[in-house]
Amino acid sequence: MTTLEIPVLIARKRDGGELTGDELRAFLGAYLRGEVEEAQVAALLMAGVIRGFTDAEAVALTEVLVASGDTVDLSALRGPTVDKHSTGGVGDTTTLVVAPLLAAAGAQVAKLSGRGLGHTGGTLDKLEAIPGFRVDLSADEVASQADRIGLAVAAATQDLVPLDKKLYALRDVTATVKSPGLIASSVMSKKLAGGAQHVLLDVKSGDGAFMEDPAEAEALAELCVRIGEAHGRRTGALVTDMSQPLGDGIGNAIEIAVAIEVLRGERRGDRLTRASLALAAAALQLTGVPEGQAAETVARLLDDGSALERFGAFVAAQGGDPSVVDDPRAVLPVAPVTLPWIPAAGTVHGFSCRRLGELAARLGAGRQRQGDQLDLSVGLEVGVRTGDELDGDTPAVVVHARTEDDAQGVIAELADVIHLAPEPADPVELVQARVGLD
Ligand code: URA
């Protein structure tokens with residue numbers, strides 16, 4: 001493609017036209033080779049964010065992304081191979097409950113995960129809170145461990161969808177993350193490259209998510225499902241609430257402790273338990289298990305300790321201290337200071353969920369920039385949800401911090417982040433839509 005054609009393609013997108021798969025391939029191929037300037041790619045991205053990408057463009061973009069690097073071959077595994085992906089949220093530790101549930105049900109989960117950025121946490125950071133845990137497995141180690149014990153979670157290598165890494169960094173600094181076509185192609189390219197035959201997406205909606213509006217989140221879920229199915233993967237999605245934290249923990253070691261408490265059956269009925277069961281059942285349904293039977297199976301595998309046993313085997317296989325499953329809070333790193341926040345009596349009317357994630361990041365649980373060092377022990381424990389009535393005596397939040405000053409700084413802001421009022425409020429529906437599952 002000559003340099004002259006690039007501005008013509010950008011102009012076509014700017015004016016509401018469509019680019020063909022060949023044009024997108026040529027444009028982004030030239031970018032990868034360093035023949036197109038970042039400013040030109042940023043202009044194309046912004047034109048697409050404003051005008052919208054068509055389904056055909058999103059499918060083509062996904063293909064270009066997958067073709068930019070290595071893919072994982074899981075065809076030798078007994079199967080069914082399952083992958084689960086969340087679009088990112090606050091206190092969202094479902095992977096660590098759903099993957100052992102699926103392993104206990106006989107599926108194989110070979111998961112390549114990422115690190116946290118901004119207000120959202122990352123599975124790899126959380127797992128590294130377990131002393132000794134290794135996330136740097138080779139692709140062969142991931143596949144053979146998934147075959148042996150049903151689950152493996154490792155860092156995606158630099159060679160898996162490298163174009164997504166470049167584009168994501170550019171989107172991050174050009175306000176072009178929030179586009180259904182770009183998010184769906186980014187998410188689905190990594191799922192397709194990861195090799196699983198069944199893909200379950202947890203698309204978040206609410207203040208703590210990329211898509212705040214449930215209808216927008218559902219449209220994103222539908223687009224992801226269409227892309228997955230167009231590539232021969234059985235794909236489904238749940239749209240779930242992210243207007244408030246999902247699990248009670250926000251912060252790496254705290255989230256691991258909470259996930260293990262869910263697996264130990266100590267948090268029955270809480271939102272993280274219910275979301276994990278719904279996601280695991282939906283994933284089993286994708287593998288051909290009827291809906292009612294899938295729900296019964298995952299509930300039984302949580303109750304009888306099978307999922308906890310799989311989690312212990314997974315921790316041991318990746319070098320972590322397996323006694324973490326017996327007494328997580330004795331094994332995981334603990335912050336030097338814990339301070340409660342006890343608000344006056346009232347009812348919880350809602351959260352600034354993103355800000356809650358940012359407060360945990362400010363304590364040291366998250367990074368502002370790629371490469372920032374984390375403190376795996378710090379974070380927040382949030383014991384209330386929208387609709388809860390507070391008595392004025394019980395802590396709503398416990399802050400885990402490095403210093404008293406850090407903890408007091410966060411406590412000073414909590415009244416702006418958790419909204420209380422005297423009148424009653426309704427709880428928010430957890431699962432807001434099911435896509436591709438009926
Ligand atoms: N998660 C991704 O992997 N990509 C996006 O673009 C947004 C969320």
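Biologist: Let's start with a single residue. Where does Ala175 lie?

Modeller: This is a predicted model: local features need pLDDT of at least 70, side-chain atom pairs count only at pLDDT 80 or more, and totals for chains, interfaces and linings use all residues. Residues are numbered from 1 along each chain as its sequence is written, and side-chain values use heavy atoms, with hydrogens and water left out. Helices (H or I, at least four residues) and strands (E, at least two) are DSSP runs, numbered from the N terminus. With those names in hand, Ala175 lies in the loop between α8 and α9.

Biologist: Is Ala175 buried or exposed?

Modeller: Buried means under 20% relative accessible area, exposed means over 50%, and partly exposed is in between (1.4 Å probe, protein chains only). Ala175 has a relative accessible area of 63%, so Ala175 is exposed.

Biologist: What is the phi of Val161, roughly?

Modeller: Here is some background first: most residues other than glycine have a negative phi, and most peptide bonds are trans. Val161 sits in the loop between β3 and α8, and it is buried, with 1% relative accessibility. Although Val161 is not a glycine, its phi is positive, at about 50 degrees.

Biologist: And which two residues are joined by a cis peptide bond?

Modeller: One partner, Pro80, is found in the loop between α4 and β1 (82–86). Omega is about 0 degrees for this bond, which joins Gly79 and Pro80.

Biologist: Now the ligand. Which helix gives the most to the shell around the ligand?

Modeller: A residue is near the ligand if one of its heavy atoms lies within 4 Å of it, and the ligand is surrounded by Tyr168, Arg171, Ile183, Ser186, Val187, Lys190 and Phe210. Two helices, α8 (162–173) and α9 (180–194), each supply at least two residues of this shell. With four residues, the one that gives the most is α9.

Biologist: How many residues of the shell around the ligand are charged?

Modeller: Ala, Val, Leu, Ile, Met, Phe, Trp, Tyr, Cys and Pro count as nonpolar, Asp, Glu, Lys and Arg as charged, and the others, Gly among them, as polar. By that sorting, the shell has four nonpolar residues and one polar residue, while the number of charged residues is two.

Biologist: How much of the ligand's accessible area does the protein cover?

Modeller: Side-chain N or O atoms reach the ligand at several places: Arg171 is 2.9 Å from a ligand oxygen, Ser186 is 2.6 Å from a ligand nitrogen, and Lys190 is 2.5 Å from a ligand oxygen. Accessible areas come from the Shrake-Rupley method with a 1.4 Å probe, and for residues only the protein chains shown count as cover. On its own the ligand has 240 Å² of accessible area, and the share covered by the protein is 91%.

Biologist: Which side chain makes a polar contact with the side chain of Asp164?

Modeller: Asp164 is in helix α8 and is buried, at 6% relative accessible area. Contact means heavy atoms within 4.5 Å, and leaving aside neighbours within four places in sequence, Asp164 is in contact with Leu65, Ser186 and Lys190. A polar contact is a pair of N or O atoms within 3.5 Å; within protein, one must be able to donate a hydrogen and the other to accept it, and residues adjacent in sequence count only if both atoms are side-chain atoms. At 2.8 Å, the polar partner of the Asp164 side chain is Ser186.

Biologist: Which side chain does Ser377 join in a polar contact?

Modeller: Ser377 lies in the loop between α16 (353–365) and β9 (379–382), where it is buried, with a relative accessible area of 7%. Not counting residues up to four places away in sequence, it touches several residues, including Pro333 and His400. The polar contact, of 2.7 Å, is between the side chains of Ser377 and Asp375.

Biologist: Last one, about strands. Which residue in β12 is the bridge partner of Phe351?

Modeller: Two strands pair if DSSP finds at least two bridges between them, and the open sheet here has the order β10-β8-β12, with antiparallel pairing. β10 (389–390) and β12 (418–421) each have a single partner strand, so one side of each is left without a neighbour in the sheet. Four bridges join β8 (residues 346–351) to β12. The partner of Phe351 in β12 is Ile418.
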